[in-house]
Amino acid sequence: MSRKIRMGMVGGGPGAFIGEVHRKAAGIDGRIELVAGAFDIDSEKSFQMGKELCICPKRTYSDYKTMIQKELELDEDKRIDFVVVATPNNWHFPISRDFLEAGFNVMCEKPMTLNVEEARELKEVVEKTGKVFGLMHNYTGYPMVKLARDMVKQGDLGKILKIVVEYPQGWLIKPIENEGQKQAAWRTDPKQSGIAGAMGDIGTHAENLAEYITGLKITEMCADLTSFVEGRLLDDDGNCLLRFDNGARGVLQASQISAGRENGLAIWIYGETQSLEWHQEHPNQVKVRGIDKPEEIWSRGNGYVAAKSAAAARGSRLPSGHPEAFLEAFANNYKNFADTITCKLEGREPSELELDFPDVNDGLRGMIFIETVVKSGKNDDIKWVKFPQA
Ligand code: NAD
């Protein structure tokens with residue numbers, strides 16, 4: 001296609017965290033340009049942000065409903081191709097639904113909605129409109145995660161027996177939500193965050209990572225959720241046992257009160273013949289261990305990685321030894337999302353590699369995970385809880 005894909009943004013106002021990451025990551029490959037936005041819940045701040053980003057003042061909007069209306073008034077060759085929703089969780093559903101129904105593609109932050117009911121409704125809207133919907137589970141965008149998935153798919157580990165996945169953070173060990181820290185304030189407020197705290201915020205990333213790499217589905221879980229910080233309404237720590245649909249067993253823990261931990265997402269996958277290990281804080285390597293042989297370290301950007309995984313090769317931009325990380329993983333989801341939109345615009349079917357980004361089904365799985373983990377974790381009598389079908 002001889003033009004860039006036009007992006008709009010809702011959220012990501014002054015001082016916001018993830019909106020800025022989206023803007024940088026979407027721009028990495030030079031194929032997406034930000035042209036419009038309703039950047040903040042406060043309209044003054046939205047206009048301030050638009051000015052800082054040099055967005056045309058006519059395309060900086062006071063709120064997302066005005067944005068939809070005004071974008072629809074533009075000629076089709078000027079309108080945004082997609083919107084990214086980078087607001088707190090309670091806004092994801094209405095904003096995504098309204099843009100989809102108005103005919104726009106959507107990239108939404110996780111968790112997808114506030115509950116399973118909304119998630120099912122959003123899935124119906126995506127199916128009805130036929131628009132492209134991406135969900136920013138950015139950790140599956142890492143090339144070495146894609147390598148791990150291809151190793152499992154190609155049988156390198158044998159039958160998967162056990163999965164251990166953890167996401168420890170320590171930034172909520174103090175009640176900073178009461179001290180004006182705005183990212184903490186909405187994350188610990190059930191009205192804006194939903195029924196889960198740490199499990200919704202980062203536990204869903206762990207769940208998505210385990211299911212993405214192994215291709216397995218969690219069928220049942222037994223969870224223990226705690227709010228360690230006095231007065232906090234949502235969990236800030238949780239530990240779960242998992243059962244998967246092939247009989248594999250698992251352990252998932254997510255925590256925001258693990259003192260000193262930063263973003264320690266990590267996964268260990270144990271098969272009948274080999275096991276593998278990946279760490280988000282050292283994302284350019286996958287370790288593989290077998291029976292009675294030395295440990296292997298697979299390093300991103302090498303020919304042997306490309307030979308094993310076309311998806312990993314496609315998601316690497318720099319030669320081996322030059323670290324790639326968080327922004328590039330986001331950018332990989334954007335690359336495949338934008339390619340899929342381009343295919344639709346050109347009337348072509350996207351390939352399996354182009355369709356490799358999290359979508360509405362991942363979002364629904366995430367919401368089912370949240371509801372199941374809370375049901376099990378908050379009830380001392382009923383422990384093993386089955387996952388309802390997606
Ligand atoms: P934040 O509080 O830093 O920013 C939220 C922004 O959204 C603010 O600018 C706020 O004014 C704006 N906003 C709120 N309601 C709005 C509305 N109705 N219209 C327009 N703007 C609105 O929050 P954050 O940490 O950036 O998190 C935002 C979302 O991103 C959350 O859903 C969170 O779960 C997700 N997130 C994802 C990752 C990831 O790794 N994928 C990381 C961090 C956050």
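**Helix H5.** I began with helix H5, residues 116–129, in this predicted model: at 1.5 Å a residue its 14 residues should span 20 Å, and I found the end C-alpha atoms 20 Å apart, which agrees. At the N-terminal end I noted a cap from Asn115, where a side-chain oxygen lies 3.2 Å from the backbone nitrogen of Glu117. After the helix I looked up Gly130, which follows H5 and has a positive phi, near 70°.

I then asked which residues of H5 are buried, and the list reads Val116, Glu118, Ala119, Leu122, Val125 and Val126. As a reminder to myself, an α-helix has 3.6 residues a turn, so residues three or four places apart point the same way. The cover over the buried residues of H5 includes helix H4 (92–101), strand E5 (133–135) and helix H13 (360–377).

**Ligand.** I next turned to the 28 residues around the ligand, of which Ile18, Asn89, His92, Asn138 and Gln183 come nearest. For polar contacts to ligand oxygen atoms, I recorded a side-chain N or O atom of Gln183 at 2.5 Å, a polar side-chain atom of Asp40 at 2.9 Å, and a backbone N or O atom of Phe17 at 2.9 Å. Taken alone the ligand exposes 850 Å², and I noted that the protein buries 94% of that.

**Pro294.** Last, I located Pro294 in the loop between strand E12 (285–290) and strand E13 (296–299). Is Pro294 buried or exposed? I entered Pro294 as exposed because its relative accessibility is 67%, and the cut-off for that class is over 50%. I also checked Pro294 against Lys4, 290 residues apart along the chain, and their C-alpha atoms are separated by 47 Å.

How values were computed: Residues are numbered from 1 along each chain as its sequence is written. This is a predicted model: local features need pLDDT of at least 70, side-chain atom pairs count only at pLDDT 80 or more; totals for chains, interfaces and linings use all residues. Side-chain values use heavy atoms; hydrogens and water are left out. Helices (H or I, at least four residues) and strands (E, at least two) are DSSP runs, numbered from the N terminus. Buried means under 20% relative accessible area, exposed over 50%, partly exposed in between (1.4 Å probe, protein chains only). The expected span of a helix is 1.5 Å times one less than its number of residues. Contact means heavy atoms within 4.5 Å. A polar contact is a pair of N or O atoms within 3.5 Å; within protein, one must be able to donate a hydrogen and the other to accept it, and residues adjacent in sequence count only if both atoms are side-chain atoms. A residue is near a molecule or strand if one of its heavy atoms lies within 4 Å of it. Accessible areas come from the Shrake-Rupley method with a 1.4 Å probe; for residues, only the protein chains shown count as cover.
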